[in-house]
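Let's work through a few short exercises together. Keep the sequence and the model open as you go, and try each task before reading its solution.

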Amino acid sequence: MYIDGVFSGGGIKGFALIGACAAVEERGFRFKRVAGTSAGSLVAGLLAAGYTSTEMASLVGELNLKNFLDSRKTIIPSALTKWLFVYWRMGLYKGDELECWIAETLAARGLRTFGDLAPDALRIIASDLTNGRLLILPDDLPKYGIDPRTFPVARAIRMSCSLPFFFEPVKLRDRISTNIVVDGGVLSNFPMWLFDKDNVKKVRPVLGVQLSHHLTQQPTNKIKNALQMFDALFETMKDAHDSRYISRKHEKNIIFIPTEGSLTTEFQLTNEKKLELIELGKKNADKFFKSWCY
């Protein structure tokens, strides 16, 4: 049976999404259309390319995540120089290695541009800071004078994964200006709304996988200093809009995977921890499917 899938962001915690996909496959479901933000966009892209959960687990199991931390070279290495790069380049790491790996992995299955996919098969969320708007890829590319069919899927995923100040933002050039694009989670970390149209009956069930607690079990933010307030501010900004939407409409169709104890940017993750996250995703998905009525 075909279903549509939406995958949330969560950085390195996205390994848990693979476990959820394994539970989906075990029950005979297949994804017809997929969408995602940040880590969720990567999983969605791999699914669109035809990778199974087992193949995804094998890919990431062999991966040295530290290779993605491609800082810029300098003849004067120092902490000050690193932060100067953050100031001028707007990110600690270039993100080129991540994009290259994504491009090679997708190309191995014949997926290079959105033109290689059926219409609406894959949709990715990013944030256009220059124009202050949410960016749906490939749908919004014509607004920038770009033919969606020629746009690389790997670049779209790279945009969606550009965690502010961690990876350098992507510059999307149109006929007039250069637009700064960062992580889709800034504006919509869990875009369940993508497959929801007013007064239009769904052709297939839509299943969401979110890397967080259930809506009624969200832990409160502990705020005792400015850094904790910044963390709480970013988390609230990232999740508030989506939470309000799904609390009204789609809660029963969402697999919630609490991933406390794992950091979004934990690129030193051990193979053991990778497997733990994958198993966590499968465990929560298995529990969800015991009562899911679609």
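Angles between helix axes under 35 degrees count as roughly parallel, and those over 145 as roughly antiparallel. Please keep in mind that this is a predicted model.

**Exercise 1. Helix directions**

Work out how H2 and H5 run relative to each other, and then how H1 and H3 do.

Solution.
- Step 1: H2 and helix H5, which spans residues 96-107, pack with their axes 9 Å apart and at an angle of about 20°.
- Step 2: An angle under 35 degrees counts as roughly parallel, and H2 and H5 are therefore roughly parallel to each other. The crossing of H2 past H5 is right-handed.
- Step 3: Now turn to helix H1 (residues 15-26) and helix H3 (residues 53-61), whose axes come within 8 Å and cross at roughly 155°.
- Step 4: Because an angle over 145 counts as roughly antiparallel, H1 and H3 are roughly antiparallel to each other. H1 passes H3 in a left-handed crossing.

**Exercise 2. Covered helices**

Find how many residues of H2 are buried, and which residues of H6 are buried.

Solution.
- Step 1: The cut-off for buried is under 20% relative accessible area.
- Step 2: Helix H2 covers residues 39-48, and 9 of its 10 residues are buried. Among them are Ala 39, Leu 42, Val 43 and Leu 46.
- Step 3: Helix H6 covers residues 153-160, with 7 of its 8 residues buried. These are Val 153, Ala 154, Ala 156, Ile 157, Arg 158, Met 159 and Ser 160.

**Exercise 3. Backbone on either side of H2, and beyond**

Look up the phi values of Ser 38, Gly 50 and Asp 120, then decide whether Ser 38 is buried or exposed.

Solution.
- Step 1: Ser 38 sits in the loop between strand S2 (30-37) and H2. Its phi is near 55°, a positive value in a residue other than glycine.
- Step 2: Ser 38 has 7% relative accessibility, so Ser 38 counts as buried.
- Step 3: Just after H2, Gly 50 has a positive phi of about 105°.
- Step 4: Asp 120 belongs to the loop between H5 and strand S4 (122-128). Phi of Asp 120 is near 70°, again positive in a residue other than glycine. With 38% relative accessibility, Asp 120 counts as partly exposed.
- Step 5: For one more backbone feature, go to the loop between strand S5 (133-137) and H6, where Pro 138 is found. The peptide bond from Leu 137 to Pro 138 is cis, with omega near 10°.

**Exercise 4. Rings and charges**

Count the aromatic pairs, then find which rings have a charge over them.

Solution.
- Step 1: Ring centres must lie within 6.5 Å to pair, and the count comes to 9 aromatic pairs.
- Step 2: One of these joins Phe 166 and Phe 167, at 5.1 Å centre to centre with 85° between the planes, which is edge-to-face. Both Phe 166 and Phe 167 are buried.
- Step 3: Ring pairs also link Phe 29, Phe 288, Phe 289 and Trp 292 into a cluster.
- Step 4: Lys 32 lies over the face of Tyr 2, 5.1 Å from the ring centre. The ring of Tyr 51 has the charged end of Arg 109 over it, 4.1 Å from its centre.

**Exercise 5. Cysteines**

State how many disulfides the structure holds, and compare the exposure of Cys 100 and Cys 161.

Solution.
- Step 1: There are 0 disulfides in the structure.
- Step 2: Cys 100 has a relative accessible area of 36% and is partly exposed, whereas Cys 161, at 11% relative accessibility, counts as buried.

Technical notes:
Residues are numbered from 1 along each chain as its sequence is written. This is a predicted model: local features need pLDDT of at least 70, side-chain atom pairs count only at pLDDT 80 or more; totals for chains, interfaces and linings use all residues. Side-chain values use heavy atoms; hydrogens and water are left out. A disulfide is a pair of cysteine sulfur atoms within 2.5 Å. Buried means under 20% relative accessible area, exposed over 50%, partly exposed in between (1.4 Å probe, protein chains only). Rings of Phe, Tyr and Trp (its six-membered ring) pair if their centres lie within 6.5 Å; planes under 30 degrees apart count as stacked, over 60 as edge-to-face and the rest as tilted. A charge sits over a ring if NZ of Lys or CZ of Arg is within 6 Å of the ring centre and within 35 degrees of the ring normal. Helices (H or I, at least four residues) and strands (E, at least two) are DSSP runs, numbered from the N terminus. Axes are lines fitted to C-alpha atoms, for helices over the stretch in contact, and angles run from 0 to 180 degrees between N-to-C directions. Angles under 35 degrees count as roughly parallel, over 145 as roughly antiparallel, 65 to 115 as roughly perpendicular and the rest as oblique. A crossing is left-handed if the near helix is turned anticlockwise from the far one by less than a right angle, and right-handed if clockwise.
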